[in-house]
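Hi,

Here's the structure I said I'd pass along. Have a look, and my notes are underneath.

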Amino acid sequence: MKLEQKGSGQCRSIAHRGLSAEAPENSLLAFALAGQRGVWGIETDVHSTADGALVCIHDDTVDRTTDGTGPVREMTFEQLRRCSIDRGRGLAQCADRSIPTLTAYLDICRRYGAVAVIELKGLAGLEQVRAVYETVRGMGMEDRCMCISFQIERLRELRTLTERIPVQLLTERGTREAVDRAAALGNSGIDFRTTRTGLGLPAYAHQKGCTVNVWTVNWGFRKQMWKRAGADFLTSNRW
């Protein structure tokens with residue numbers, strides 16, 4: 001997937017962990033609600049279990065968001081399936097409280113025509129990155145996907161497999177140095193936390209051929225502020 005010209009004035013909406021202001025984060029309901037809202041992209045976090053299953057959950061452990069305990073990477077898929085999501089907005093309306101698989105998430109993105117924005121999070125090396133890529137490709141979503149990560153090594157590993165999928169380097173602070181690192185990946189961008197100090201960064205990023213994504217932008221005045229600054233994407237809990 002090649003994104004539109006950087007700095008074109010078009011700002012795309014990305015639902016953070018699904019529509020997490022109205023449903024438990026990274027739940028099937030949150031993904032479906034985001035799709036129904038018509039957002040451009042639906043973001044999730046991908047981890048690998050001990051037996052290689054790819055699942056959508058934010059934390060390294062299941063403790064915060066489910067009734068289970070333990071690190072995701074040390075649990076088998078069967079053990080993980082016994083955990084039930086037990087917190088978040090709209091929990092009462094969440095019929096399926098299991099931790100979603102990457103395949104189930106991609107199926108929802110495909111159903112609603114949304115771009116899958118996948119954070120390569122709990123992955124350890126090329127083979128697990130390859131498993132994500134092969135899953136995306138196997139579902140025909142290679143041109144409807146963007147991968148992001150705080151770990152530039154994961155993005156570099158993805159680049160050894162494909163140049164078609166856009167990537168974004170996640171960083172707490174938007175800096176020119178981070179833009180330069182992201183630019184070297186090709187078909188790439190920077191994804192940083194909202195702050196007034198980064199308002200001048202989109203212009204520099206566009207000069208380097210990079211897109212700009214800002215997270216997490218929940219309020220109207222901040223959305224307008226970043227749109228005026230030239231952001232290409234806004235990741236939000238509210239749409």
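Below is what turned up on cysteines, the cavity and some backbone oddities.

First off, keep in mind that this is a predicted model.

Cysteines: the disulfide count is zero. A disulfide needs two cysteine sulfurs within 2.5 Å, and the sulfur of Cys-94 has its closest cysteine sulfur 13 Å away, in Cys-56, so that is too far for a bond. Cys-109 also has Cys-56 as the closest partner, but at 8.6 Å the sulfurs are again too far apart to bond. Both side chains are tucked away: Cys-94 is buried at 3% relative accessible area, and Cys-109 is buried at 0%.

Cavity: there is one of 30 Å³ or more, with a volume of about 70 Å³. Cys-56 shows up again here, in a lining that also includes Pro-24, Glu-25, Asn-26, Ile-57, Thr-65 and Arg-87. By class, the lining comes to six nonpolar, two polar and two charged residues.

Backbone: Asn-26, one of those lining residues, has a positive phi of about 55° without being a glycine. Asn-26 sits in the loop between β1 and α1 and is buried, with a relative accessible area of 2%. Arg-17 is another non-glycine with a positive phi, about 60°. Arg-17 lies in the loop that runs between β1 (12-15) and α1 (28-37), and is buried at 15% relative accessible area.

One more for your setup: the peptide bond from Trp-215 to Thr-216 is cis, with omega near -25°. Thr-216 belongs to the loop between β8 (211-215) and α8 (220-229).

Cheers

Methods
Residues numbered from 1 in each chain as written. Predicted model: local features only at pLDDT ≥ 70, side-chain atom pairs only at ≥ 80, totals over all residues. Heavy atoms only, no water. Buried < 20%, exposed > 50% of the residue type's maximum accessible area, 1.4 Å probe, protein only. 1 Å grid on protein atoms, 1.4 Å probe; cavity = no way out; pocket = protein on both sides within 12 Å on 5 of 7 lines; lining within 4 Å. Points joined across faces, edges and corners; volume = space filled by probe spheres on them. Nonpolar A, V, L, I, M, F, W, Y, C, P; charged D, E, K, R; others polar. Helix = DSSP H or I, 4+ residues; strand = E, 2+ residues; numbered from the N terminus.
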